[in-house]
Amino acid sequence: MLTKRIIPCLDVKNGRTVKGTNFLDLRDAGDPVELAARYSDEGADELVFLDISATLEGRKTFLNMVERVAEAIQIPFTVGGGISTVEDISRALGAGADKVSLNSAVLARPQFIDEASKQVGAQAVVAAIDVKRSGSGWAVWTKAGTEPTGLDALSWASEAVRRGAGELLVTSMDRDGTTSGYDTDLLLQLSEIISVPVIASGGAGKMEHLRDAIAVGRADAVLAASIFHYKTIEIRELKQYLRLNNIPVRL
Amino acid sequence: MIGIIDYDAGNIRSVVNALNRLGVPHFVSNDRKELSKASKIILPGVGEARSAMDSLRAVKLDQWLKEQTVPFLGICLGMQVLFDHSTERDTPCLGVIGGTIQLFQRTSAAPKVPHMGWNTVTLAGKTPLFNGIRSDEYFYFVHSYYAPLVRAVIGTTEYGTIFTSAAHQDNFYGVQFHPEKSGEAGLHLLKNFVELC
């Protein structure tokens with residue numbers, strides 16, 4: 001039976017893992033390659049690395065880190081952050097990443113999803129969507145959650161899939177860093193209209209939250225950062241808990 | 001030396017990294033002469049059947065592949081092209097293994113396509129490829145097309161339907177999952193392949 005995936009996420013700035021609250025207030029959380037190896041050993045199903053460096057130098061450091069990660073671990077991983085051309089995608093996959101996560105660049109130019117998908121296949125293209133509650137729905141924000149786009153989250157999610165995204169990574173900005181639980185209403189509504197896997201992100205604080213994202217929100221995978229970095233939750237313990245709650249996991 | 005076929009349709013880097021990790025000598029090539037010196041051959045593959053077959057034909061590896069007698073491992077799309085035919089853009093394939101590759105139908109038991117993530121492989125019959133690997137071990141999959149149950153089956157997986165996730169015909173082995181991305185179990189399988197006589 002296909003299992004639900006547990007995905008630690010590493011925000012990387014100038015070669016170091018950092019974690020913020022509500023997209024701000026960054027704290028150091030260690031060497032990304034060491035963390036990646038630790039997560040892989042502890043049973044993580046997949047990893048996501050987001051480059052939040054703003055400088056050219058930082059970006060070079062990031063690509064070098066991607067190569068070292070690929071040598072150190074044998075599980076799939078996605079990289080994202082600032083990818084805006086097909087050359088960026090080739091560099092990331094060439095360095096050993098399995099998928100790329102696209103966000104601001106595809107909001108600025110949706111056609112970029114079609115181009116990416118055509119070049120490397122839908123299975124390697126993840127559309128990352130940052131959303132905030134707005135009225136009775138959710139609005140899409142861009143540029144690391146600093147600017148509203150005016151787009152509705154559900155219709156943008158459908159468009160991204162139609163254009164060739166093989167997976168969606170959906171972050172609730174309202175919940176991110178709050179440890180108050182995933183936005184299960186959002187996830188459930190997405191699950192009803194989206195034909196590709198959905199990764200839930202934003203709000204994990206305790207094991208029940210990850211269970212609910214899957215059992216209530218019907219997410220295919222759950223992503224979290226600080227609860228794993230600071231060992232609030234151990235991956236193996238989490239998986240045992242999920243299995244006891246009848247959620248299929250790889251143990 | 002293991003020859004890894006580079007035909008613009010694979011994440012070769014992951015396979016190379018995995019073999020490095022095992023300390024196994026290998027080289028990457030799309031040249032028949034070079035590849036003829038290999039004691040074993042790996043055909044990786046990500047992408048789409050028609051372009052993969054076109055790429056193999058462009059470097060004249062399509063006929064050549066079928067004639068090889070050394071142990072051969074096709075991974076993911078590299079396994080699918082070993083079959084007779086793929087319904088993906090109605091593509092004639094190599095025909096080493098009988099059967100037609102099909103597209104997953106979305107059902108309540110398989111609501112999402114591609115089939116992406118870790119799933120179990122149930123062993124069917126004895127094969128050296130899975131030596132020391134338990135039945136129902138987890139491997140990492142990502143694909144939208146699948147191989148039906150065929151005579152060459154050595155492992156099956158369920159996703160809406162039960163399909164062939166590992167096959168063996170003479171010296172040809174194929175796995176639908178990515179051993180190079182399947183943690184320790186995947187490395188174990190690659191080691192088994194490397195140690196085949």
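Me: Let's start with A:Thr142. Which residues does A:Thr142 touch, leaving aside those up to four places away in sequence?

Reply: Keep in mind that this is a predicted model. With sequence neighbours up to four places away set aside, A:Thr142 touches A:Ser104, A:Leu107, A:Glu147 and A:Thr149. One of these contacts can be described further: the side chains of A:Thr142 and A:Ser104 make a polar contact at 3.3 Å.

Me: And where in chain A does A:Thr142 lie? Is A:Thr142 buried or exposed?

Reply: A:Thr142 belongs to strand β8 of chain A, residues 137-142. For burial, look at the relative accessible area, with under 20% as the cut-off. A:Thr142 comes out at 9%, so A:Thr142 is buried.

Me: Okay, on to the two chains. How should I read the size of an interface?

Reply: People often quote the accessible area that is lost when the parts come together. Here chain B and chain A bury about 2,500 Å² between them, and carbon and sulfur atoms give 50% of that. On the chain B side, B:Lys112, B:Met116 and B:Trp118 lose the most area to chain A, and together they make up 30% of what that side buries. If you'd rather think in residues, 29 from chain B are in contact with 35 from chain A.

Me: What about polar links? How many salt bridges are there between chain B and chain A?

Reply: There are two salt bridges between the chains. One pairing is B:Lys112 with A:Asp220, whose side chains meet at 2.6 Å, N to O. For polar contacts, the count between chain B and chain A is 19 residue pairs, with both residues at pLDDT 80 or more.

Me: Which elements of chain B give two or more residues to the side that touches chain A?

Reply: In chain B, those are α1 (12-22), β8 (115-123), β9 (137-143), β11 (153-159) and α6 (183-194). β8(B) gives the most, with six residues. By residue type, that side of chain B divides into twelve nonpolar, nine polar and eight charged.

Me: Last one: how do I read the four-strand sheet in chain B?

Reply: Go through the strand order and then look at the ends. The sheet is open, runs β6-β5-β7-β10 in chain B, and has mixed pairing. At the edges stand β6 (91-92) and β10 (145-146) of chain B; each has a single partner strand, so one side of each is left without a neighbour in the sheet. Between strands β5 (residues 83-86) and β7 (residues 97-103) of chain B, the run is parallel and three bridges join them. For example, B:Phe83 has B:Ile97 in β7(B) as its bridge partner.

Key
Residues numbered from 1 in each chain as written. Chains lettered and ligands numbered in written order. Predicted model: local features only at pLDDT ≥ 70, side-chain atom pairs only at ≥ 80, totals over all residues. Heavy atoms only, no water. Contact = heavy atoms within 4.5 Å. Buried area = accessible area lost by both parts, 1.4 Å probe. Salt bridge = Lys/Arg side-chain N within 4 Å of Asp/Glu carboxyl O. Polar contact = N/O pair within 3.5 Å; in protein donor to acceptor, adjacent residues only side chain to side chain. Nonpolar A, V, L, I, M, F, W, Y, C, P; charged D, E, K, R; others polar. Pairing = 2+ DSSP bridges. Buried < 20%, exposed > 50% of the residue type's maximum accessible area, 1.4 Å probe, protein only.
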